[in-house]
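Let's walk through a structure together and ask how each label earns its place.

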Amino acid sequence: MLHKITKMIAVAGVALSASFASAQETVRIAHSTESFAFLPLFAAVTSGAFEDAGITPEIIRTGSGSKTVAALVGRSADIAVGSTASVLFARKEGLDLRMVSGLVTQYSSSIVYSKEWAESKGVTADSSYEDMLEAMRGARIATSGPGGGDHIIRYFAGEAGLDPDSDLTIVYLGKDIGVYQAAIEEGRIDGISLSAPTPQIAVRERGAVFAFNTGAGEVEALDGFLYIVATARGDWIDDNPELAQKVMQGFENGLAQIRNPETTNDARDSVYAQYYADVDKDLFDDIWSQFAAGTPESATITRDAIMRVVEFTNAFETDNPIDPAAVEGSFVQ
């Protein structure tokens, strides 16, 4: 009799496990690279935040932002994690994409000056905002190409009253981190405008000085900028409203892991082990602490936040501006 009861319990356990597995629906989430801009995604993955929300994430790395959007549109992904501007440009082309969660609310491209340039301009890490702006005059500042790094150089040039096309030089050097470190060491550039970890490496290893650490939220005018979002197709959201809510909850859970002082170190170490084990641990910890300080209290998106992105982007994308009409219906409330 005891054997029969034990068998019945075992069978029931298998049935419950199968039921739980079926309840944990798989959601395919695409992103471009292992950029530090995607730390909220990685924290949600490694902490089990998605599973806690009732879904199993299948992570797809595409290699570029455009390929991430293409994966979403082509239905090989259910969710895309990328820049707010890329979603709005896609909507301008008539694609029904809707942002579901705001993940990074700091402009992630920061600017550093080389040690030599900072010394020649008489600025240090403690110099005023105004002195850092003036130090841009005549500088050769490198970034990957048109886009976020270029826009932020032009933004600060405008703040300084400078013409970015004549009062300084913007140099495009692609995405290889090593190229920037070599160029700054050899004196071929005077500054770098990129997201972590390239500026931080230049500071630690080349004696560079942060001019504008936007990624850490140190520039008040850009604090709260909706930079990275999670997005889905409109038809997917309409067909899977409960699943979409679970995705949103998963991202909320992940952000909470980063913000909470009691869990942030465990989240940091798990993300490091899975995604950044080849990065210097002290450097990673420093970047994490800066990122955690600027992590949003909520993943909820507002119209005002999106309009701020439109206005900022259109100040520099004059030949191909975002249509403000693309904002309507662009996010889940």
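The questions and answers below set values against definitions.

Q: What makes the numbers here comparable, and how were residues counted?
A: This is a predicted model, in which local features need pLDDT of at least 70 and side-chain atom pairs count only at pLDDT 80 or more, while totals for chains, interfaces and linings use all residues. Residues are numbered from 1 along each chain as its sequence is written, and side-chain values use heavy atoms, with hydrogens and water left out.

Q: Why is Ile228 called buried?
A: Buried means under 20% relative accessible area, exposed means over 50%, and partly exposed lies in between (1.4 Å probe, protein chains only). Ile228 has 5% relative accessibility, so it counts as buried.

Q: What is Ile228 in contact with, leaving aside neighbours within four places in sequence?
A: Contact means heavy atoms within 4.5 Å. The partners of Ile228 are Ala37, Phe38, Val81, Gly82, Ser83, Thr84, Ser101, Gly102, Leu103 and Val104. With Thr84, the C-alpha to C-alpha distance is 5.8 Å, although 144 residues separate the two in sequence. Ile228 itself sits in strand 10 (residues 228–233).

Q: What makes Arg75 partly exposed?
A: Its relative accessible area is 47%, and partly exposed is the class between the buried and exposed cut-offs; therefore Arg75 is partly exposed. Arg75 lies in the loop between helix 4 (65–73) and strand 3 (79–83).

Q: What is noteworthy about the phi of Arg75?
A: Most residues other than glycine have a negative phi, and most peptide bonds are trans. Arg75 is not a glycine, yet its phi is positive, near 70°. As for the peptide bonds, the one joining Ala196 and Pro197 is cis, with omega about 15°. Pro197 belongs to the loop between strand 8 (191–194) and helix 10 (198–206).

Q: Which strands form the open sheet that contains strand 10, and in what order?
A: Strands and helices are DSSP runs numbered from the N terminus (strands E, at least two residues; helices H or I, at least four). Five strands form this open sheet in the order 2-1-3-10-4, with mixed pairing.

Q: Why are strand 2 and strand 4 placed at the edges?
A: Two strands pair if DSSP finds at least two bridges between them. Strand 2 (55–61) and strand 4 each have a single partner strand, so one side of each is left without a neighbour in the sheet.

Q: How do you know that strand 1 and strand 2 pair?
A: Strand 1 (residues 25–31) and strand 2 share seven bridges in the parallel sense, and the definition asks for at least two. Within this pairing, Ile29 stands opposite Ile59 in strand 2. Helix 5 packs on the sheet and touches strand 3, strand 4 and strand 10.

Q: What order do the strands of the other five-stranded open sheet follow?
A: The order is 7-6-8-5-9, again with mixed pairing. Its edge strands are strand 7 (169–172) and strand 9 (209–212), each pairing on one side only. Strand 5 (residues 110–113) and strand 9 run antiparallel and are joined by three bridges, with Phe210 as the partner of Val112. Strand 6 (residues 140–143) and strand 7 run parallel with four bridges.

Q: What makes the crossover from strand 6 to strand 7 right-handed?
A: The label applies if, with the strands pointing away from the viewer, the path from the first strand over the helix to the second runs clockwise. Here the chain goes from strand 6 through helix 8 to strand 7, and this β-α-β crossover is right-handed.

Q: How do you know that the span of helix 15 agrees with expectation?
A: The expected span is 1.5 Å times one less than the number of residues. Helix 15 (residues 303–314) has 12 residues and should span 16 Å; its end C-alpha atoms are 16 Å apart, which agrees. Its buried residues include Ala305, Ile306 and Met307, and their cover includes helix 5 (84–92), strand 4 (97–104) and helix 8 (148–159).

Q: What makes a set of residues a nonpolar core, and how many residues has the largest?
A: A nonpolar core is a set of buried Ala, Val, Leu, Ile, Met, Phe, Trp, Tyr and Cys residues joined through side-chain atoms within 4.5 Å. The largest has 92 residues, and Phe156 is one of those with the most contacts inside it. A second, separate core of 11 residues includes Val112, Tyr180, Ile192 and Ala208.

Terms used: Axes fitted to C-alpha atoms, helices over the stretch in contact; angles between N-to-C directions.
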